[in-house]
Amino acid sequence: MNTVRIGKTVVYAVAFIAGTMSYGHQVELGQHWNFGSLFGLLPYAFLVPLTVDALAFIGMMVRNSDDVTDGARKGALVPLILAGGMSVAANVAMAQNVAQVVVGVWTVASYLIAEYFVSKLKRRVVEAPREVEPKVKLTEAEKAARKRAGYDHMDKVTKAAWTKSYRERVSKRAESAAPVSPGRIPVDAPSVAQVASVVG
């Protein structure tokens, strides 16, 4: 198991503990202040905390996903901070002593800190060795051509394109100027009779 997977597992475990605690405190807070109910059936005291935990879960998923952009990963900090703030507020509001305040704050803070560090972990990608192209010694003709074309003032991409184009032209000119060996011309061999008449 790699480091990233272990870190994510720990973050999910801490998030579950923090979410469970804050959910219970938010429910108690909602019942204390009588949030009412949905259609007289489902108490809001149990529904509203779900929006907080869902927000934190979405932010956590985005932050730890390998398929999102860096901008989305940074933007996911907003719902995490909002949900963390609501959780801390509920934990502190329902605390009955200093110890419960410290535990309520620390539980949420530990999750946010763990998530932050795990989001910084990058999976190491083993790249295949790149083939190094052999360096071609510059000829005097190419040096002169570069000077005429203003090669030193070009950017890296333009230099590469210019070099490729120039060497292709030189290669084509060299191929067209190369001597072509004549083909073999078939020679008719003399017949036996002709040889005999000459030898006589």
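**Exercise 1. Find what the buried residues of α2 pack against, and decide how they are arranged around the helix.**

*Solution.* Work on the predicted model in four steps.

- Step 1: look for the partners. The buried residues of α2 pack against α1 (3-32), β2 (42-43), α3 (70-75), α4 (77-93) and α5 (98-120).
- Step 2: list the residues themselves. Ala-45, Pro-49, Val-52, Ala-56, Gly-59, Met-60 and Arg-63 are the buried residues of α2.
- Step 3: look down the axis. These residues cover an arc of only 105° around it, so they sit on the same side of α2.
- Step 4: turn to the other side of α2. There you will find Thr-51 and Ile-58, which are exposed.

**Exercise 2. Check whether the end-to-end distance of α2 agrees or disagrees with the span expected for a helix. Then do the check for α5.**

*Solution.* Take the helices in turn.

- Step 1: helix α2 covers residues 44-63, which is 20 residues. At 1.5 Å a residue it should span 28 Å, and its end C-alpha atoms lie 29 Å apart, so the two values agree.
- Step 2: helix α5 has 23 residues and an expected span of 33 Å. Its end C-alpha atoms are 33 Å apart, which agrees as well.

**Exercise 3. Describe the start of α5, its buried residues and what covers them.**

*Solution.* Begin at the start of the helix.

- Step 1: here a side-chain oxygen of Asn-97 comes to within 3.2 Å of the backbone nitrogen of Ala-99.
- Step 2: move along the helix. The buried residues in α5 include Gly-104, Thr-107, Val-108, Ser-110 and Tyr-111, and further on Glu-115, Val-118 and Ser-119 are buried.
- Step 3: look at the cover. Among the elements over the buried residues of α5 are α1, α2 and α4.

**Exercise 4. Locate Trp-33, and work out whether it is buried or exposed.**

*Solution.* Place the residue, then apply the cut-off.

- Step 1: Trp-33 is in the loop between α1 and β1 (37-38).
- Step 2: its relative accessibility is 59%, so Trp-33 counts as exposed, the cut-off for that class being over 50%.
- Step 3: relate Trp-33 to α2. Its C-alpha atom is separated by 8.8 Å from that of Ala-45, twelve residues away along the chain. Ala-45 is one of the buried residues of α2.

**Exercise 5. The structure holds three aromatic pairs. Classify the pair Tyr-116 and Phe-117 and the pair Trp-162 and Tyr-166, and describe their settings.**

*Solution.* For each pair, use the angle between the ring planes.

- Step 1: the ring centres of Tyr-116 and Phe-117 are 5.5 Å apart and the planes meet at 80°, so this pair is edge-to-face. Edge-to-face calls for planes over 60 degrees apart.
- Step 2: check accessibility. Tyr-116 has a relative accessible area of 39%, so it is partly exposed, while Phe-117, at 54%, counts as exposed.
- Step 3: for Trp-162 and Tyr-166, the centres are 5.2 Å apart and the planes are at 5°, so the pair is stacked. Stacking calls for planes under 30 degrees apart.
- Step 4: place the stacked pair. Both residues belong to helix α7 (residues 156-177), four residues apart, or about one turn of the helix, and both are buried.
- Step 5: widen the view. Ring pairs link Trp-162 and Tyr-166 with Tyr-151 into a cluster, and Arg-146 lies over the face of Tyr-151, 4.0 Å from the ring centre.

Key:
Residues are numbered from 1 along each chain as its sequence is written. This is a predicted model: local features need pLDDT of at least 70, side-chain atom pairs count only at pLDDT 80 or more; totals for chains, interfaces and linings use all residues. Side-chain values use heavy atoms; hydrogens and water are left out. Rings of Phe, Tyr and Trp (its six-membered ring) pair if their centres lie within 6.5 Å; planes under 30 degrees apart count as stacked, over 60 as edge-to-face and the rest as tilted. Buried means under 20% relative accessible area, exposed over 50%, partly exposed in between (1.4 Å probe, protein chains only). Helices (H or I, at least four residues) and strands (E, at least two) are DSSP runs, numbered from the N terminus. A charge sits over a ring if NZ of Lys or CZ of Arg is within 6 Å of the ring centre and within 35 degrees of the ring normal. The expected span of a helix is 1.5 Å times one less than its number of residues. The arc is that of the directions from the helix axis to the C-beta atoms. Contact means heavy atoms within 4.5 Å. A polar contact is a pair of N or O atoms within 3.5 Å; within protein, one must be able to donate a hydrogen and the other to accept it, and residues adjacent in sequence count only if both atoms are side-chain atoms.
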